[in-house]
Amino acid sequence: MIKVKNRKLLLLPGDGIGPEVVREVRKIIEWFNKNKSLDFKIEEGLVGGASYDKHKNPITDEVFYKALESEAVILGAVGGPKYDNLEFSKRPERALLKLRKELKLFANLRPAICFKQLVEASSLKPEIISGLDIMIVRELTGGIYFGEPRGIEPIENNERKGVNTHTYTTNEIQRVARVAFDLAKKRKNKVTSCEKSNVMEAGILWREEVQALKDKEYQKIELSHMLADNCAMQLLRDPKQFDVIVTDNLFGDILSDEAAMLTGSLGLLPSASLGAKDKNGKIRSMYEPVHGSAPDIAGKNIANPIATILSLSMALKYSLDLDKEAEQLDKAVQSVLDDGLRTKDIMSKNMKEISTSVMGDAIIAKLK
Ligand code: IPM
Ligand code: MG
């Protein structure tokens, strides 16, 4: 068997349940290394609160450069109540934002899929939710998350003023819209672009630039524009009207949480953050579960590793050109769910409750 040599993957377990769920991913990569023609070199690094505890810094240069050098980064989660009072620049979230910004990961893909085995876990009626498959494309390196000026400053009368700035340029809008259009071509050809063009100039620009790109290069796509608040409402009323949603950083943060939760499958949803192609056709990328660090259940071996495992599957597909392996992994996950195995978060009547590590083992058993 010819092995694909020396491909580097960086695992950043992070905080809370991050280390437990990333451990299961590591087991799966090691299985692929042993049983397939793959030879991934796995590196690990500290990030978020875990890095702060050791280095007083949420991400060290050393880890950052490892991220730059690897083909894909898989991150668990960052943050926790222990770090809530740290000064802004030291907070765990800064590590995540630095990785996104400096690796230029401008397109964040967040699928909101309702797994058929979990229809009952949604707070919506089964007929509204079953078969749901939305792809949210969130702009990730611009908008109010990064705009300048920003800060908190004193003003007269002993008051203070908090400032953040929301900006977007033509290029920032069109490159993320392009990702959305290209994805839609492989799906149902429908894109909904969300902004607040009724109150924000940057929203008007967003709408115009997305439309201009469609008119120029994607005539066959069915594009509609929706105000972001209306989108929040429509997601609950009739989520199946959506195929691909493209929106800015802040609206995408909020709408993707809403969409993820309404599937009832929060513990199962992966995400991918992608940059532009370099001259060798390679893209920088980072993969993470949509759920957070869940400090309340950390260290108990009860967290659901599936979202992180499916993040590995997205990495195989989008970064590593291993579509077959991605499909094999997705099928293994489905098959474990079909067998009625459940971690605590998705437990329901007549199912069998298992731990984080047993879930990982069960998925590996299916790969065999
Ligand atoms: C997310 C998270 C992050 C964000 C936090 C942890 C900084 O909510 O990835 O959606 O706001 O982008
Ligand atoms: Mg969020």
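## A buried glutamate in helix α7

Glu209 touches Thr170, Ile173 and Gln174, if residues up to four places away in sequence are not counted. The model described here is a predicted one, and within this model Glu209 lies in helix α7, which covers residues 201-217.

What is the nearest side chain of opposite charge to Glu209, and how far away is it? That side chain belongs to Lys216, at a distance of 9.4 Å, and Glu209 has no salt bridge although it is buried. As a general point, side chains of opposite charge can pair when their charged atoms come close. The cut-off used for a salt bridge is 4 Å between a side-chain nitrogen of Lys or Arg and a carboxyl oxygen of Asp or Glu, so the 9.4 Å to Lys216 does not qualify.

## The surroundings of ligand 1

Which residues surround ligand 1? They are Glu93, Leu96, Arg100, Arg110, Arg138, Tyr145 and Asp253. Three of these residues can be described in finer detail, beginning with Arg110, which has a polar side-chain atom 2.8 Å from an oxygen atom of ligand 1. For Arg138, too, a polar side-chain atom lies 2.8 Å from an oxygen atom of the ligand, and an N or O atom in the side chain of Asp253 is 2.8 Å from an oxygen atom of ligand 1. Taken alone, ligand 1 exposes 320 Å², and the protein buries 73% of that area.

## Salt bridges between distant parts of the chain

The structure holds 21 salt bridges, and among them is the one in which the side chains of Arg7 and Glu71 meet, with 2.9 Å from N to O. This pair links distant parts of the chain, since Arg7 is in strand β1 (residues 4-14), whereas Glu71 is in the loop between α3 (61-69) and β3 (72-77), and the two are 64 residues apart. Are these two residues buried or exposed? Arg7 has a relative accessible area of 11% and is therefore buried, and Glu71, at 18% relative accessibility, counts as buried as well. Arg7 and Glu71 are also linked with Lys282 in a network of salt bridges.

Another salt bridge joins the side chains of Lys8 and Glu69, at 3.6 Å from N to O. Here again distant parts of the chain are linked, with Lys8 in strand β1 and Glu69 in helix α3, 61 residues apart. Lys8 counts as partly exposed because its relative accessibility is 26%, whereas Glu69, at 56%, counts as exposed. A further salt bridge is formed by Glu288 and Arg100, whose closest N and O atoms are 3.7 Å apart. Glu288 is in strand β12 and Arg100 is in helix α4 (residues 92-102), so that this pair, 188 residues apart, also links distant parts of the chain. Both Glu288 and Arg100 are buried, and Arg100 is also one of the residues that surround ligand 1.

## The loop between β12 and α10

Pro295 is found in the loop between β12 (283-289) and α10 (306-318). With a relative accessibility of 39%, Pro295 counts as partly exposed. How far apart in space are Pro295 and Gly18? They are 277 residues apart in sequence, but their C-alpha atoms are 9.5 Å apart in space. Leaving aside neighbours within four places in sequence, Pro295 is in contact with Gly80 and Pro81.

Asn301 is found in this loop between β12 and α10 too. Its relative accessibility is 31%, and it therefore counts as partly exposed.

## Backbone details

Most residues other than glycine have a negative phi, and most peptide bonds are trans. Which residues, then, have a positive phi although they are not glycines? One of them is Asn301, with a phi of about 60°, and another is Lys56, whose phi is also about 60°. Lys56 lies in the loop between α2 (49-55) and α3, and it counts as partly exposed because its relative accessible area is 49%.

A cis peptide bond joins Glu148 and Pro149, with an omega of about -5°. Of the two residues in that bond, Pro149 is found in strand β6, which covers residues 147-154.

Methods
Residues are numbered from 1 along each chain as its sequence is written. Chains are lettered from A and ligands numbered from 1 in the order in which they are written. This is a predicted model: local features need pLDDT of at least 70, side-chain atom pairs count only at pLDDT 80 or more; totals for chains, interfaces and linings use all residues. Side-chain values use heavy atoms; hydrogens and water are left out. Helices (H or I, at least four residues) and strands (E, at least two) are DSSP runs, numbered from the N terminus. Buried means under 20% relative accessible area, exposed over 50%, partly exposed in between (1.4 Å probe, protein chains only). Lys and Arg count as positive and Asp and Glu as negative; His and the chain ends are not counted. Contact means heavy atoms within 4.5 Å. A residue is near a molecule or strand if one of its heavy atoms lies within 4 Å of it. A polar contact is a pair of N or O atoms within 3.5 Å; within protein, one must be able to donate a hydrogen and the other to accept it, and residues adjacent in sequence count only if both atoms are side-chain atoms. Accessible areas come from the Shrake-Rupley method with a 1.4 Å probe; for residues, only the protein chains shown count as cover.
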